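Visitor: Before we look at the model together, I would like to ask how each of its labels is earned. Please set the values against the definitions as we go.

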Amino acid sequence: MFEGRRLLIATKHQKESVIAPIMQRELGVDCFVCPEFDSDLLGTFTGEMERTDDALTTVKNKCLQAMALAKCDLAIASEGSFGPHPIIFFANADQEILIFIDQKNGLEITVSELSLSTNFNGANVNSENELQAFAADAGFSLHGLILRKQKGDLAFMVKGITDWETLLSSYHKVKLDNGSAYVETDMRAMFNPTRMKVIETVTKKLADKIKSLCPSCQMAGFGVVEAEQGLPCELCGLPTRSTLAHVYRCAHCHFSLERQYPHGKEKEDPMYCDLCNP
Ligand SMILES: [Zn+2]
Ligand SMILES: [Zn+2]
């Protein structure tokens, strides 16, 4: 279905470095990027251009715009969102969404991953020592940093800093004007190897999903669309909030099936039972 076709990777942040090798190997496609495509017009992490839609809408628009520009019918786009983890307190998370659109076959396949593996952070700093402590924690200089006057300020901003000299000189410039400075992690993929690694993991997940065929119509992209709660507690036998089954559905013919115990266990530890461990 894909062998020998050209696959556009809609990015200007070098995500092709992890996406292309996997897709080339798994689908036999020929990957390329479109240098004229500017994904920043759909929103940046640093606020010059606010992202107005949710991540899924944004990633789809990004993919379709790039396809129109490059005049091709097969493409991948990705979108990251960063912030506090929805369940784990005091931890930041990276949510990555990947979309694969095949206009020739009417296919649209998405995967997402919520990862705790991120250096996403930002802080006011008042001394070189504070700046250095932040930088060390963020994995500088392998990971890029951004300096500005204060959080969200767009008037003065240095992005993609990857050397101490620029970091220190930018810091002193801002501090002289302002009394303090705001430092934050640069989340653009080419400045953030931790994020690049997460994108690589999600790409593998996407390749697996694309290669999974519907048992009824043989169309690609047969994957999990829902997780059903209710794995019974080992002690009291009542349903817990843990996953009992995964529901698979074909986007093409709507055939669906349920696979129980997707994580290989049939009972849940009473530790996760609301009744036994309230
Ligand atoms: Zn089907
Ligand atoms: Zn229980």
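Visitor: What makes β10, β11 and β12 a sheet, and is the sheet open or closed?

Guide: In this predicted model the three strands form an open sheet in the order β10-β11-β12, with antiparallel pairing. Strands here are DSSP runs of E with at least two residues, helices are runs of H or I with at least four, and both are numbered from the N terminus; two strands pair if DSSP finds at least two bridges between them. Six bridges join β10 to β11 (residues 243-249), and one of the bridge partners is Tyr248 in β11, which answers to Val224.

Visitor: Why are β10 and β12 called edge strands?

Guide: β10 (223-229) and β12 (256-260) each have a single partner strand, so one side of each is left without a neighbour in the sheet. Neighbouring strands of this sheet are turned by 25 degrees against each other on average, with direction ignored, where the axes are lines fitted to C-alpha atoms.

Visitor: How do you know that Tyr261 is partly exposed?

Guide: A residue is buried if 20 or more other C-beta atoms, placed from the backbone, lie within 10 Å of its own, exposed if 12 or fewer do, and partly exposed in between. Tyr261, in the segment after β12, has 13 C-beta neighbours inside 10 Å and therefore counts as partly exposed.

Visitor: Why does Arg188 count as buried?

Guide: Arg188, in the loop between β9 (181-185) and α5, has 23 C-beta neighbours inside 10 Å, and so it counts as buried. Leaving aside residues up to four places away in sequence, Arg188 touches His13 and Phe45, contact meaning that the C-beta atoms, placed from the backbone, lie within 7 Å. The C-alpha atoms of Arg188 and Thr44 are separated by 8.9 Å, although these residues are 144 residues apart along the chain.

Visitor: How do you know that the span of helix α5 is close to what is expected?

Guide: The expected span is 1.5 Å times one less than the number of residues; α5 (residues 193-211) has 19 residues and reaches 27 Å from its first C-alpha to its last, close to the 27 Å expected.

Visitor: Which residues of α5 are buried, and why are they said to line one face?

Guide: The buried residues of α5 are Arg195, Val198, Ile199, Val202, Thr203, Leu206 and Ile210. Seen down the helix axis they fall within an arc of 145 degrees, so they line one face of α5; the arc is that of the directions from the axis to the C-beta atoms. What covers these buried residues includes α1 (16-27), β3 (74-84), β4 (92-102) and β5 (107-115).

Visitor: What makes β4 and β5 a pair?

Guide: β4 and β5 are joined over nine bridges in the antiparallel sense, and Phe100 stands opposite Ile109 in β5. Their hairpin has four residues between the strands, and Gly106 in this hairpin takes a positive phi near 65 degrees.

Visitor: How is the protein chain divided into domains?

Guide: An automatic or database domain assignment sets the bounds, giving domain 1 (6-118 + 193-211), domain 2 (122-186) and domain 3 (216-278). The C-alpha centres of domain 2 and domain 3 lie 45 Å apart.

Visitor: Which conventions stand behind these labels?

Guide: Residues are numbered from 1 along each chain as its sequence is written, while chains are lettered from A and ligands numbered from 1 in the order in which they are written. As the model is predicted, local features need pLDDT of at least 70 and side-chain atom pairs count only at pLDDT 80 or more, whereas totals for chains, interfaces and linings use all residues.

Technical notes: Contact = placed C-beta atoms within 7 Å. Axes fitted to C-alpha atoms, helices over the stretch in contact; angles between N-to-C directions.
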